Structures are given as C-alpha cells and as structure tokens.
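Visitor: Please choose one part of this protein and walk me through it closely. Before you settle on it, I would like to hear about disulfides, since that is what I would ask about at the bench.

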Amino acid sequence: MDPTSSSSSSSALRWKILRQALLRRSDSQSQAETNRISRKATQGFNLIPCHVVDSSPQSDKSREACVCYTFPITGSPKLYLTQRVDNCSDLNDFEISNRYNIDNTGLVCQWPSEEVLAYFCMSQPDRFRGKRVIELGSGYGLAGLAIAAATEASEVVISDGNPQVVNYIKRNIESNSMAFGGTSVKAMELHWNQHELTEITNTFDIIVASDCTFFKEFHKHLARTIKMLLKAKEPSEALFFSPKRGDSLDKFLKEIEDIGLHYVLTENYDAQVWKRHETLVKGDEVWPNYDKNHCYPLFIQITNHM
C-alpha cells in the first residue's frame with residue numbers, strides 16, 4: 001500500500017508477523033497478536049466459491065498457488081489468481097516493507113473485506129458500466145479483476161504500493177485477459193504520498209478499496225489521494241469497505257472531512273453479506289474468532305459533493 005513517514009508501531013507489527021511466519025509459533029501471545037491485526041478466516045464470508053488448482057509450470061509451488069474464483073452471478077466468468085500460500089513469508093518480504101515503509105498485508109492472504117468488495121461490485125454492474133475505475137491497495141486484485149470481467153467498465157486500474165504485489169497483479173491480469181472484453185485493464189504501483197500524479201489527477205469516476213484504513217499513519221495521505229484521483233467537475237465516488245477496528249476507521253473519516261470530502265456510512269448494505277455476518281456473530285467454526293468490530297466491513301461512500 002502506501003509509504004509515508006516512518007512509524008515504529010507499523011514496523012513493529014510487521015516484524016511480529018514475520019517472527020510468527022518464520023518460527024511458526026503457536027503460543028497464545030503470538031496468536032493473540034495475529035488476531036489483533038487480522039482476525040482472518042479460512043473461508044472469509046464465503047460469498048465467492050474458490051478452490052486451488054494446479055500452479056503454472058513457472059510457479060514456485062512451495063510459495064504460490066493458483067486459485068479459481070467462481071462468482072455466484074449468472075454470466076460471470078471464472079477468475080484465476082496466482083497468490084501466496086497462507087503463512088508463507090520470508091525475510092525479503094519484510095525487508096522490502098521496511099525499506100519503502102509500505103504495508104505488507106497484500107502478500108499475506110486474500111482478505112475477507114476484499115471478497116465483500118468484489119461481491120458487492122459484481123452485484124452492481126450498472127454502477128460501473130462505462131466508468132473509469134481504480135482500486136487502491138488491491139493486494140492480488142480480486143475486486144479490480146471482478147469489475148473488469150463483469151461490469152463493462154471502460155477502464156480498470158489495479159494499484160498497490162508494494163512492488164511485489166504489483167508483479168502478482170500483472171500476472172493475474174495476463175492470466176484473465178480473455179475475460180475482460182472491451183475493458184482496458186492495467187496494473188500500477190501507486191504510493192499514497194506521491195505528490196505528482198499529473199497523468200491521473202481528477203480522472204476517475206470510481207475508486208474502490210477494502211481494508212485500507214487500519215494503519216493510522218496512512219490516513220492523511222490516503223484521503224489526499226482520494227481527492228486527487230476523483231473527478232472534480234463530474235459525479236464521482238469512492239467505495240470503501242472497512243471494519244471499524246477500534247477508532248481507526250473513525251480517525252480516517254475525520255481526515256476525509258478535514259480535506260473537504262463527504263461520506264455516507266452504511267452498516268447493512270447487502271442482504272447476503274448481512275445474513276452471513278449474523279451467522280458468524282452467533283458462532284461459526286469457519287471463523288471462530290469473528291468479531292464485528294474487527295471483521296465486519298462497513299460500507300463507506302465518499303464523494304466531492306454533499
């Protein structure tokens with residue numbers, strides 16, 4: 001995602017994740033730290049059926065897998081994403097994160113909020129038809145690829161600040177190129193603290209993002225990036241899905257207001273997502289540590305105008 005000013009807290013979190021990945025610790029302290037950061041689930045909200053297929057001959061099978069996503073929407077194509085195997089990290093991943101002060105979470109797994117974003121976007125093709133769209137902090141690019149494959153958007157840019165992640169996005173675009181029809185799709189390495197974005201400033205109809213508000217030190221730059229990318233003289237919007245995560249989301253929304261943008265926050269935005277959420281709240285072995293505050297993504301629509 002975004003590089004910004006040095007932060008001991010974010011660096012400490014990254015190195016704690018690395019320590020667990022390398023040592024495979026299972027003690028309660030390590031598990032509690034993982035839960036605080038991610039609370040990820042084996043199957044997430046289970047909105048989009050997926051299964052592992054054979055890796056390509058070029059892939060390092062010990063580190064990567066090709067995952068097939070089948071969207072439960074009539075006429076939607078299958079998407080094939082190459083991504084890291086869960087809990088497979090090495091020292092180089094975290095050296096890159098700390099060298100550029102970027103978030104390494106895009107390599108960890110496919111996050112549940114990304115699944116919700118992809119499902120929501122594919123359920124509303126009219127919203128994207130003919131529009132220029134950019135996904136921020138995209139990770140492996142599931143939502144951006146879904147928009148490109150199923151909504152007839154004119155252009156989809158799938159971006160992340162981590163060069164390793166961007167390489168995966170490029171591979172996934174190439175693997176699914178036959179599914180995009182007339183939609184132009186490209187990957188972009190985009191850092192939220194970039195001051196020169198001349199070629200793409202005020203050019204997008206829609207921004208989408210999921211779970212990009214956890215690290216508070218990124219908030220100001222992220223808010224500025226949203227304002228720079230959205231069209232200023234035509235209707236435009238940013239669609240964010242993010243859990244509250246303590247006061248993190250509230251602090252991000254304060255930055256949104258301070259920069260002159262407006263937002264509407266919605267808790268119950270899709271019947272299927274809400275139904276799944278209610279099941280998880282009651283207890284489900286698929287996601288035993290599910291917690292609404294840390295796991296359920298709220299829907300935030302951000303605009304330039306009231």
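Guide: Happy to start there: counting cysteine sulfur pairs within 2.5 Å, the total comes to zero disulfides. Please keep in mind that this is a predicted model. Cys 50 takes part in no disulfide, and the nearest cysteine sulfur, which belongs to Cys 68, is 8.6 Å away. With a relative accessible area of 46%, Cys 50 is partly exposed, because that value falls between the 20% and 50% cut-offs. Cys 66 is also in no disulfide, and its nearest cysteine sulfur, again that of Cys 68, is 7.6 Å away. Cys 66 has 12% relative accessibility, which is under 20%, so this residue counts as buried.

For the close look, I suggest strand E8, residues 237-242. A little context helps first. The protein has 306 residues, and buried residues make up 56% of them. Its secondary structure comes to 11 helices and 10 strands. If you take the contacts between residues at least 6 apart in sequence, 74% of them join residues at least 24 apart.

Now to E8 itself. Six of its six residues are buried, so the strand is mostly covered. The cover is on both faces: Glu 237, Leu 239 and Phe 241 are buried on one side, and Ala 238, Phe 240 and Ser 242 are buried on the other.

Two strands that pair with E8 are E7 and E10. E7, residues 206-210, pairs with E8 in the parallel sense over five bridges. One place to find that pairing on the screen is Ser 210, whose bridge partner in E8 is Phe 241. Between these two strands the chain passes through helix H8, residues 219-229, and this β-α-β crossover is right-handed. The pairing with E10, residues 298-303, also runs over five bridges, but in the antiparallel sense. There you can look at Ala 238, whose bridge partner in E10 is Ile 302.

Phe 240 deserves a stop of its own. The largest nonpolar core has 77 residues, and Phe 240 is one of the three that touch the most other members, along with Leu 136 and Ile 226. Setting aside its neighbours within four places in sequence, Phe 240 contacts Ile 207 and Ala 209, then Thr 213, Leu 222, Ile 226 and Phe 252, and finally Leu 298, Phe 299, Ile 300 and Ile 302. In soluble globular proteins, nonpolar side chains tend to be buried together.

Next, look at the loops on either side of E8, where charged side chains meet. The structure holds 16 salt bridges. In one of them, Lys 231 pairs with Asp 205, with the closest N and O atoms 2.9 Å apart. Lys 231 is in the loop between H8 and E8, while Asp 205 is in the loop between strand E6 (184-189) and E7, so this pair ties together parts that lie 26 residues apart in sequence. Both Lys 231 and Asp 205 are buried.

The loop after E8 has a salt bridge too. Here the side chains of Lys 216 and Asp 247 meet at 2.5 Å, N to O. Lys 216 sits in the loop between E7 and H8, and Asp 247 in the loop between E8 and helix H9 (248-258), a separation of 31 residues. Are these two buried or partly exposed? Lys 216 has 40% relative accessibility and is partly exposed, and Asp 247, at 34%, is partly exposed as well.

To set beside E8, let me point you to helix H6, residues 142-150. Eight of its nine residues are buried, so the rest of the structure largely encloses this helix. The buried residues are Leu 142, Ala 143, Gly 144, Leu 145, Ala 146, Ile 147, Ala 148 and Ala 149. Just after H6, Glu 152 adopts a positive phi of about 60 degrees. Glu 152 also belongs to a salt-bridge network with Asp 126 and Arg 129. Within that network, the Arg 129 and Asp 126 side chains meet at 2.3 Å, N to O. Arg 129 is partly exposed, with a relative accessible area of 36%, whereas Asp 126 counts as exposed at 60%.

Methods:
Residues numbered from 1 in each chain as written. Predicted model: local features only at pLDDT ≥ 70, side-chain atom pairs only at ≥ 80, totals over all residues. Heavy atoms only, no water. Buried < 20%, exposed > 50% of the residue type's maximum accessible area, 1.4 Å probe, protein only. Helix = DSSP H or I, 4+ residues; strand = E, 2+ residues; numbered from the N terminus. Core = buried A, V, L, I, M, F, W, Y, C linked by side-chain atoms within 4.5 Å. Contact = heavy atoms within 4.5 Å. Pairing = 2+ DSSP bridges. Right-handed = clockwise from strand over helix to strand, strands pointing away. Salt bridge = Lys/Arg side-chain N within 4 Å of Asp/Glu carboxyl O.
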